[in-house]
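User: Here's the model I'd like to go through with you. Can you take me through the labels one by one and show me what each rests on?

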Amino acid sequence: MFIYNDQVPLEDLGDGVSRKVMAYSDNIMTVEVHFEKGAVGPLHNHPHEQLTYVLSGKFEFTIGDETRIVSQGDTLYKEPNVMHGCVCLEPGVLLDNFTPMRKDFVGLEESYYQKQDA
């Protein structure tokens with residue numbers, strides 16, 4: 001299977017964040033997440049393992065009790081159920097990989113954000 005970036009719609013999530021669900025199976029998912037300067041990825045957790053690769057920009061990330069600045073070329077690992085989030089310091093794009101796939105990103109179940117806000 002080949003997925004061409006220019007053929008995947010960019011979904012506006014609001015508040016300066018948008019994403020492209022690039023490809024997925026039951027076991028893995030790749031998502032491109034775009035941030036404007038000052039946009040926030042709120043603290044949250046989920047049962048998936050997650051790797052984030054910084055394609056561009058600069059971000060202040062919190063994973064668990066640790067907060068650090070990351071930029072292009074850096075990679076972050078988030079264990080299942082560990083709180084994490086970020087603030088975008090310079091406009092940028094993240095490439096997230098999840099295992100298993102995020103069913104909530106494709107409308108197959110309620111969002112983990114919605115569950116935590118309830």
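Analyst: Let's start with pockets: on a 1 Å grid over the protein atoms alone, a pocket is an open set of points where a 1.4 Å probe fits, with protein on both sides within 12 Å along at least five of seven lines, and a lining residue has an atom within 4 Å of a point. Rolling a probe the size of a water molecule over the atoms shows where empty space is left. Keep in mind that this is a predicted model: local features need pLDDT of at least 70 and side-chain atom pairs count only at pLDDT 80 or more, while totals for chains, interfaces and linings use all residues. Residues are numbered from 1 along each chain as its sequence is written, and side-chain values use heavy atoms, with hydrogens and water left out.

User: What makes a residue part of the lining of the second largest pocket, and which residues are they?

Analyst: An atom within 4 Å of a pocket point is what counts, so Phe61, Thr62, Ile63, Glu66, Thr67, Arg68, Val70, Thr75, Leu76 and Tyr77 make the list. The elements giving two or more residues to that lining are β5, β6 (66-71) and β7. β6 contributes the most, with four residues. The β labels are strands, meaning DSSP runs of E with at least two residues; helices are runs of H or I with at least four, and numbering goes from the N terminus. The pocket's volume is about 160 Å³, where volume means the space filled by probe spheres set on grid points joined across faces, edges and corners.

User: Lysine 78 next. Why is it said to have no salt bridge?

Analyst: A salt bridge needs a side-chain nitrogen of Lys or Arg within 4 Å of a carboxyl oxygen of Asp or Glu. For lysine 78, the nearest side chain of opposite charge is aspartate 96, at 4.3 Å, so that pair misses the cut-off. On charges, Lys and Arg count as positive and Asp and Glu as negative, while His and the chain ends aren't counted. Lysine 78 is in strand β7 (residues 75-78), and it's buried.

User: Which side chain does lysine 78 have a polar contact with, and what makes it one?

Analyst: Threonine 52, at 2.4 Å. A polar contact is a pair of N or O atoms within 3.5 Å; within protein, one must be able to donate a hydrogen and the other to accept it, and residues adjacent in sequence count only if both atoms are side-chain atoms. At 2.4 Å the pair is inside that limit, so the label fits. Threonine 52 also has a side-chain polar contact with glutamine 50, at 3.3 Å. Glutamine 50 has another one with histidine 46, at 3.0 Å.

User: How do you know whether glutamine 50 is buried or exposed?

Analyst: Buried means under 20% relative accessible area, exposed over 50% and partly exposed in between (1.4 Å probe, protein chains only). Glutamine 50 comes in at 4%, so it counts as buried. It sits in strand β5 (residues 49-63). Beyond four places in sequence, its contacts (heavy atoms within 4.5 Å) include Lys78, His84 and Asp96.

User: How many salt bridges are there, and what makes each pair qualify?

Analyst: There are three. Each N to O distance sits inside the salt-bridge limit, so each pair qualifies:
- Glutamate 11 and arginine 19 meet at 3.3 Å; the glutamate is partly exposed at 36%, the arginine buried at 11%.
- Glutamate 66 and arginine 68 meet at 2.6 Å; glutamate 66 is partly exposed at 42%, and arginine 68 exposed at 56%.
- Arginine 102 and aspartate 104 meet at 2.8 Å; arginine 102 is buried at 1%, as is aspartate 104 at 10%.

User: Why is asparagine 81 called exposed?

Analyst: Its relative accessibility is 51%, over the exposed cut-off, so the label holds. Asparagine 81 lies in the loop between β7 and β8, and its phi is positive, near 65 degrees, though it isn't a glycine. Aspartate 15 has a positive phi too, about 55 degrees. That aspartate is in the loop between β1 (11-14) and β2 (17-24) and counts as exposed at 75%.

User: Where is the cis peptide bond?

Analyst: It joins threonine 99 and proline 100, with omega about -10 degrees. Proline 100 is in the loop between β8 (84-99) and α1 (112-117).
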